Amino acid sequence: MTHTQALSRTQVLARAPRLLPAVACVVVAAAAASVGLTNEGYVSTSGDMPRYLMNGVFMLDLLRDHPFGSLDNLIEYARLYYARYPALSIGHHPLLVSVAGTLYLYRLVSEWYDEWAGAAAALALATSPLLVRLSQSVMSEPPAVALLIIAAYYLHRYCVNGTRRALVLFVLCAGASVWSKQLAIAAFPSFALYAGARLGIRRLFSRDLVIAALALIVIVAPLVPLALAMSPDNVGIIAYGPTGAAVGENWLLIRALAEALFAQFASPMAVVAAAGAVAVAWRRGPEAWLLFPWIAGVAVAVFLGTRFVEVPRYSLFWTPAWAAAIGALFAGSRQMRRAVAAVVVLLVGVQVSGLVASRLPGAGGYEAAARYVVEHPYGSTVLFSGDVDSGFFVFFVRKHDEARRLVVLRADKILTTSRLADPAVEDRIEHPEAIRPILTELGVGYVVIEDRPSESKVLEWLRSELKSDAYVERLRVPVETTDRRLRGSNLVVYQVRNAPAHAPDARVEVRLPVISTEVDVALADLVNRKHLR
């Protein structure tokens with residue numbers, strides 16, 4: 001063995017103790033977030049998950065079909081795609097971003113204290129019950145949280161070494177966090193305060209930092225008109241949240257925020273995080289200028305914006321700061337460090353055991369119904385009706401229909417108009433007799449329903465219509481879920497007797513009240529696979 005080889009081996013061995021906790025953090029984060037990844041029936045029935053899944057499918061199909069000849073082609077492609085698969089939302093939230101957030105929290109806290117402090121903070125966050133549950137449900141909060149952590153790390157690196165690369169990465173990640181979830185902007189004041197504490201107030205007005213601030217504004221600014229146009233409901237929550245009696249209930253909101261911390265971490269871990277915050281305050285290090293304003297910024301955003309709406313979910317953006325505070329407990333004597341490490345390891349085990357016991361509701365049965373209508377082609381379209389499912393049936397049709405020939409219609413878009421969790425905010429027919437002519441015009445071959453009472457009178461009319469001799473039950477599948485709304489329910493596939501071809505001039509008109517727009521396309525374009533390759 002040469003001297004160089006021996007030196008390299010010595011360097012690797014020397015770095016091994018530092019790599020071990022980093023590897024452990026990444027492995028735990030990936031394992032927690034990817035539970036049920038290969039089981040497509042292991043899902044959340046909260047409403048957003050299937051739409052986010054379909055967003056990923058849409059992106060893959062977009063690359064496959066590359067309708068980039070003109071902007072008009074691209075817009076038409078998107079409209080036709082939604083009309084064919086009515087289960088899309090804004091954004092896609094890949095798993096790896098959340099895992100990267102855990103690694104960067106480890107790196108940040110390690111640079112403040114040491115590797116074991118970083119590992120404690122990262123593992124506490126990686127096993128956060130609520131964060132993991134939202135990651136498994138491919139929600140937008142976990143990647144936004146991860147991007148905030150990565151931004152904080154690169155801001156710290158810029159404060160330490162002044163490299164422009166670190167500043168550029170900070171700007172990109174901070175901007176991306178807000179594009180993932182607008183509430184991430186609540187952490188931005190903490191970035192400015194931390195930079196001021198590390199660099200001095202005068203340095204904040206240096207050329208590089210001014211350009212970085214302007215670049216960040218340019219990246220984030222388009223979200224303002226986009227949010228006003230695409231998410232007026234969310235804007236309304238923020239604009240009109242702190243009004244009337246709600247202002248007099250602030251003490252209840254403070255309590256709700258405290259309880260949220262105990263939903264985001266196991267109760268003992270939340271206590272340790274609070275103790276860590278006390279340790280950060282006692283040390284009076286520069287990290288306090290990042291962590292406390294971060295926590296305060298999120299609390300203010302909840303107070304002035306979302307208020308009592310899903311407090312644990314929307315205050316989730318402060319969890320990196322609480323987890324990082326745990327690292328401060330490692331700054332004491334060796335005996336203290338060992339005691340804290342033992343407690344944190346134990347509590348990480350508690351959180352992991354809680355994750356094992358707590359599982360997503362699941363939605364077994366939707367794939368079987370989708371596979372049946374794909375494998376037994378009949379008619380031009382298939383109509384789905386249900387109060388609970390917001391897109392799993394659509395997702396599974398797309399999965400099994402590789403040729404993309406089947407067009408999926410939703411009864412809550414064709415016969416009535418749904419809005420978020422409300423299955424009917426504006427009925428589009430006035431009497432049950434209008435159902436059959438619409439199915440005939442649209443060439444519906446199958447009707448698939450969640451066979452349970454609906455909150456919509458129009459969807460109840462459809463259930464009654466399907467009991468007539470004009471329809472034949474072909475498949476009945478129990479819904480396998482722990483969601484109480486669907487317990488004991490079945491998915492039923494009805495075939496329309498003698499279904500004709502769709503009318504040549506038939507159109508699919510879908511109203512989207514959440515974004516105040518409408519999709520109106522020719523059914524013939526969908527049947528003829530326009531823009532699809």
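Strand 1, made up of residues 381–385, is joined to strand 5 by five bridges, and the two strands run parallel in this predicted model. One of the residue pairs behind this arrangement can be named, since phenylalanine 384 has valine 448 of strand 5 as its bridge partner. Strand 5 is also joined to strand 7 by five bridges, but here the strands run antiparallel. In this second pairing, glutamate 450 finds its bridge partner in leucine 491 of strand 7.

How many residues of strand 5 are buried? Strand 5 covers residues 444–450, and seven of its seven residues are buried, so that the strand is described as mostly covered.

Two residues in loops can be set beside these strands, and the table lists their places and their relative accessibility.

| Residue | Loop | Relative accessibility |
|---|---|---|
| Histidine 502 | between strand 7 (490–496) and strand 8 (507–512) | 17% |
| Threonine 481 | between strand 6 (471–478) and strand 7 | 15% |

Histidine 502 counts as buried because its relative accessible area of 17% falls under the cut-off of 20%. Leaving aside residues up to four places away in sequence, histidine 502 touches Ser380, Thr440, Glu441, Leu442, Gly443, Leu523, Ala524 and Val527.

Threonine 481, with a relative accessibility of 15%, is likewise counted as buried. Although threonine 481 and leucine 360 are 121 residues apart along the chain, their C-alpha atoms are separated by 8.8 Å.

Note on methods. Residues are numbered from 1 along each chain as its sequence is written. This is a predicted model: local features need pLDDT of at least 70, side-chain atom pairs count only at pLDDT 80 or more; totals for chains, interfaces and linings use all residues. Side-chain values use heavy atoms; hydrogens and water are left out. Helices (H or I, at least four residues) and strands (E, at least two) are DSSP runs, numbered from the N terminus. Buried means under 20% relative accessible area, exposed over 50%, partly exposed in between (1.4 Å probe, protein chains only). Contact means heavy atoms within 4.5 Å. Two strands pair if DSSP finds at least two bridges between them.
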